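Visitor: Please show me the sequence and the structure, so that we may discuss them step by step.

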Amino acid sequence: MATIFVKRPKLAWHESFFLSTFAKGLKITLGHALKTFLEITGKKEKVTMEYPEQKWDKHLPEYYRGAPALVTDEQDRERCVSCQLCEFICPPKAIRITPGEIPSDDPWAKVEKRPKEFDIDMTRCIYCGMCEEVCPEQAIYLRKDYAITGESRAELMHDKAKLYQIGGKRVGLVNKWNELK
Amino acid sequence: MGHLLANIDLTFLIASVVKIVFLTFLVILPMVAYSVYAERRFSAVIQDRVGPNRTGIPLTLFGFKKDIQILGIGGLTQPMADGIKFLLKEDFTPKSVNAFYYWLAPCLTMVPALMTCVVLPFGSELRLSDLNGLLSWLGLPGFSTVPVPSVIADLSVGPLYTFAIASLGVYGIVIAGWASNSKYPFLGGVRASAQMISYELSLGLSIIPVLMVFGELNLAKMSIYQDANGWLLLPLWGEGLSWARWALWIPMGLSFCIFVVAMFAETNRLPFDMAECETELVAGYHTEYSSMKFALFFLGEYAAMIIGSGLAVTLFLGGWSIPFGPLIGLGYAAGDTPLWLGLLHIGVFLVKIVAFILFFILIRWTLPRFRFDQLMKLGWMVMFELALFNVLLTALLMWLIPLK
């Protein structure tokens with residue numbers, strides 16, 4: 001049977017006159033009030049933090065997914081080769097890349113391409129980490145920054161300079177372009 | 001004209017004005033503001049939250065390192081911030097309302113609530129002549145030796161006056177609901193009128209046993225009697241230690257319960273806040289109000305709460321009297337109460353009111369709201385009969401075991 005008949009509980013006289021139930025309710029509310037009051041005044045350990053003053057940053061896990069950012073390698077070379085895989089996989093279409101050619105007199109001319117422009121729209125980004133996962137060059141990473149704020153939409157459009165500023169240099173990765181050929 | 005002016009007791013007039021200003025602007029209104037803060041903070045801790053704790057004195061604006069947070073809990077200047085917010089908000093009058101009544105309603109809520117405070121004895125008496133030594137040292141004329149009673153109007157119909165004026169408060173709510181020309185306020189107003197009229201009955205009947213015991217209607221004299229002979233609910237000294245008073249303890253307790261429940265209904269507090277239940281009526285009768293007009297409703301509601309607590313404290317819990325006062329030498333003696341004791345009595349009265357308001361708040365966050373038919377059933381079929389029975393019981397007890 002899909003229907004369940006819930007039986008109305010039979011109340012004792014002191015319950016139906018709000019006597020014992022009233023006392024029970026007061027006990028619960030006063031208990032919570034006392035517990036929280038002791039926590040606020042510091043007599044008891046708190047389970048919560050007051051955010052802007054206290055932050056949980058030290059406890060963020062290694063796999064935390066915050067703002068995406070571009071990184072450079074040891075020689076300050078942009079790791080991104082503008083293959084646009086991240087742009088295509090990005091579910092909310094937050095990434096926009098304009099590929100550019102590396103001129104032949106550049107020491108890294110053999111890499112051939114680097115992004116001329118690389119914009120991530122932080123009003124669209126959903127922090128899913130697919131760009132990081134798909135990147136064949138280990139160029140894009142989700143950092144631990146989570147408080148991405150701005151006073152205008154334009155401020156939340158992270159351009160190339162901003163992305164490299166957040167990402168910085170990342171060492172110890174595979175450097176396939178260093179080998180001489 | 002000169003004859004008329006000569007007949008005016010100037011001392012009495014000045015004393016009354018000072019008392020009115022002291023009680024309304026320095027006691028009731030700040031208390032209203034802080035009871036809103038207390039409500040928010042207390043409800044927060046009941047619900048395991050922190051509550052408003054951010055407002056402090058913003059010394060950082062003037063180059064200091066830290067904002068001051070009074071008593072370390074923060075947020076104690078929240079009422080000021082709230083007040084400024086209310087004053088600075090846009091005072092919006094919707095096009096469809098009946099403008100005259102729309103403007104009248106908030107005043108009709110606030111004014112009766114403040115008017116009722118004149119009969120509350122907030123202290124015993126102040127013998128200002130105690131200051132004469134200091135004043136003559138300063139070269140000023142001294143006060144007369146007649147003590148100033150700590151009550152604005154020493155009426156001999158105290159509770160009746162309070163009920164008469166407090167019932168006017170329902171007009172504010174009904175007119176607000178009607179003038180708003182909107183269905184939610186209208187429903188709120190209709191509910192409020194039905195509820196307040198029903199509970200006025202048990203409110204009035206519940207104090208008849210009390211008046212029978214005291215044998216008078218003067219609130220100041222009731223307080224004096226309780227100070228000397230034990231509170232109605234704590235008859236532990238003076239004549240309170242007689243069989244008659246202890247036998248009357250049961251009907252008095254019943255009377256107190258009925259009075260408090262009816263008072264909750266009268267002030268539209270939570271188990272009975274049918275007039276503004278958020279889940280059904282958006283905000284009830286003040287849905288269409290904004291800015292300071294809304295604040296006036298708010299102030300009126302909390303002022304009514306404070307006055308109601310004051311009345312309950314005066315009738316049942318000894319008013320300004322200190323427990324076991326006469327036994328430990330802190331009792332009142334007519335014309336012979338030192339100034340510091342008079343001030344202490346005022347303090348005790350305020351402490352009792354604060355405790356009562358905290359009780360109000362605790363109840364609000366403990367009990368769920370009644371359904372409207374349950375509310376009416378409780379009012380007419382339980383409380384009314386109980387109050388009537390209580391009158392009979394008291395009369396019977398007073399006949400069997402006479403007082404004094």
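Visitor: At what angle to β3(A) does helix α5 of chain A run?
Guide: Helices (H or I, at least four residues) and strands (E, at least two) are DSSP runs, numbered from the N terminus. Angles run from 0 to 180 degrees between N-to-C directions, taken from axes fitted to C-alpha atoms, for helices over the stretch in contact, where contact means C-beta atoms, placed from the backbone, within 7 Å. In this predicted model, helix α5 (residues 160–167) of chain A lies across β3 and β5 of chain A. Its angle to β3(A) is about 85°.

Visitor: What pLDDT do local features need?
Guide: Residues are numbered from 1 along each chain as its sequence is written, while chains are lettered from A and ligands numbered from 1 in the order in which they are written. Because the model is predicted, totals for chains, interfaces and linings use all residues, side-chain atom pairs count only at pLDDT 80 or more, and local features need pLDDT of at least 70.

Visitor: Which strands stand at the edges of the three-stranded sheet of chain A?
Guide: Strands pair if DSSP finds at least two bridges between them. The open sheet has antiparallel pairing in the order β2-β3-β5. Each edge strand has a single partner, so one side of it is left without a neighbour in the sheet. The edge strands are β2 (95–101) and β5 (157–158).

Visitor: Which residue in β3(A) stands opposite A:Thr98?
Guide: Seven bridges join β2(A) to the antiparallel strand β3 (residues 113–121) of chain A. Opposite A:Thr98 stands A:Glu117.

Visitor: Is A:Ser82 buried or exposed?
Guide: A:Ser82 lies in the loop between β1 (68–70) and α3 (85–89) of chain A, and has a positive phi of about 50° although it is not a glycine. A residue is buried if 20 or more other C-beta atoms, placed from the backbone, lie within 10 Å of its own, exposed if 12 or fewer, and partly exposed in between. With 23 C-beta neighbours inside 10 Å, A:Ser82 is therefore buried.

Visitor: At roughly what angle do α13(B) and α14(B) cross?
Guide: Residues meeting here include B:Ile306 in α13(B) and B:Phe356 in α14(B). The axes of α13 (residues 291–316) and α14 (residues 339–364) come within 9 Å. They cross at roughly 115°.

Key: Two residues are in contact if their C-beta atoms, placed from the backbone, lie within 7 Å.
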